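Q: Could you take one helix of this model and walk me through it closely, with its geometry, its buried side and its partners? I would like the cut-offs spelled out too.

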Amino acid sequence: MIQGQQPRIAETTSMPKGICKLCQKTKPLENSHLIPRAMYQRIRDENVRASWSNPDPIHVGKTVTAHTSRQVTDYVLCTACEDLFNKKGETWMIQQVWRSTAFPLLDRLNLAHPQFEFQDALGYSGTAVGIDTDKLGYFALSVFWRAGVHIWSVGFGQKSTKLDLGIAEKDIRLFLLSQGPIPQTIALIATVCTDQESMGVIVLAQREMEKRRSPLV
Ligand SMILES: [Zn+2]
């Protein structure tokens, strides 16, 4: 047996069976994350490296904003669908986010010419500046979709509010499964924060977001 296989088998036997929300098949379900576990680890490690007084990410919720090590999880997806999310978006995205010594996504924008200049933001074409917009878009849609198909316990006794994805929900699901094109009714704008206070912060997918002073991808 190859080293490393055994924990996965042991893990599978303890996984509850249920209907995976993505492939809609009855399978053992992973303890899925609303925001990927690796994102928490990355931010926590980088906060430690940057010597923040509290290394835990700041959780920004509807009514509570606080440092917490708690991750938002529930049994939602099967292993195959988790792997799909990893390969098609998360693995790339993790490499792009802020670290104390660099911020690859922002560093790339800083080397490029903006297409638009607004009063408090710059606008870029992600494709034109060489950003893998397929993976960025897939990752973002996967997070919004997760927030639209499940009510999550987000800590501090609160539950998430399901995002209303409307008629796009089915098409997003098929797109995430690689069984359909990106829905024509969707426009995705990614914001890259330039202010230091926003780095090390995890904002859960929710309907209303505060305006941020930052360039757009
Ligand atoms: Zn599945």
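A: Let's take helix α5, residues 133–149, where helices (H or I, at least four residues) and strands (E, at least two) are DSSP runs numbered from the N terminus. Its 17 residues should span 24 Å at 1.5 Å a residue, and its end C-alpha atoms are indeed 24 Å apart, so the two values agree; the expected span is 1.5 Å times one less than the number of residues. Please keep in mind that this is a predicted model: local features need pLDDT of at least 70, side-chain atom pairs count only at pLDDT 80 or more, and totals for chains, interfaces and linings use all residues. Residues are numbered from 1 along each chain as its sequence is written.

Now for the buried side. Tyr 138, Phe 139, Leu 141, Ser 142, Val 143, Trp 145, Arg 146, Ala 147 and Gly 148 of α5 are buried. Here buried means that 20 or more other C-beta atoms lie within 10 Å of the residue's own, exposed means 12 or fewer, and partly exposed is in between, with C-beta atoms placed from the backbone. In the protein chain, buried residues make up 24% of the 217 residues.

The buried residues of α5 pack against α3 (79–96) and α6 (168–176). On the α3 side, the partner helix bends by about 50° at Asn 86, the bend being the angle between axes fitted to the seven residues ending there and the seven starting there. Buried residues of α3 include Leu 84, Phe 85 and Met 93.

On the other side, the axes of α5 and α6 come within 10 Å and cross at roughly 130°. That makes α5 oblique to α6, because angles under 35 degrees count as roughly parallel, over 145 as roughly antiparallel, 65 to 115 as roughly perpendicular and the rest as oblique. The axes are lines fitted to C-alpha atoms, for helices over the stretch in contact, and angles run from 0 to 180 degrees between N-to-C directions. Leu 141, Ser 142, Trp 145 and Gly 148 of α5 make the contact with Glu 169, Ile 172, Arg 173, Phe 175 and Leu 176 of α6; a contact needs C-beta atoms, placed from the backbone, within 7 Å.

Ile 172, in helix α6, is worth a closer look. Ile 172 is buried, with 21 other C-beta atoms within 10 Å. Leaving out residues up to four places away in sequence, Ile 172 touches Leu 141, Trp 145, Leu 165 and Pro 183.

Notes
Contact = placed C-beta atoms within 7 Å.
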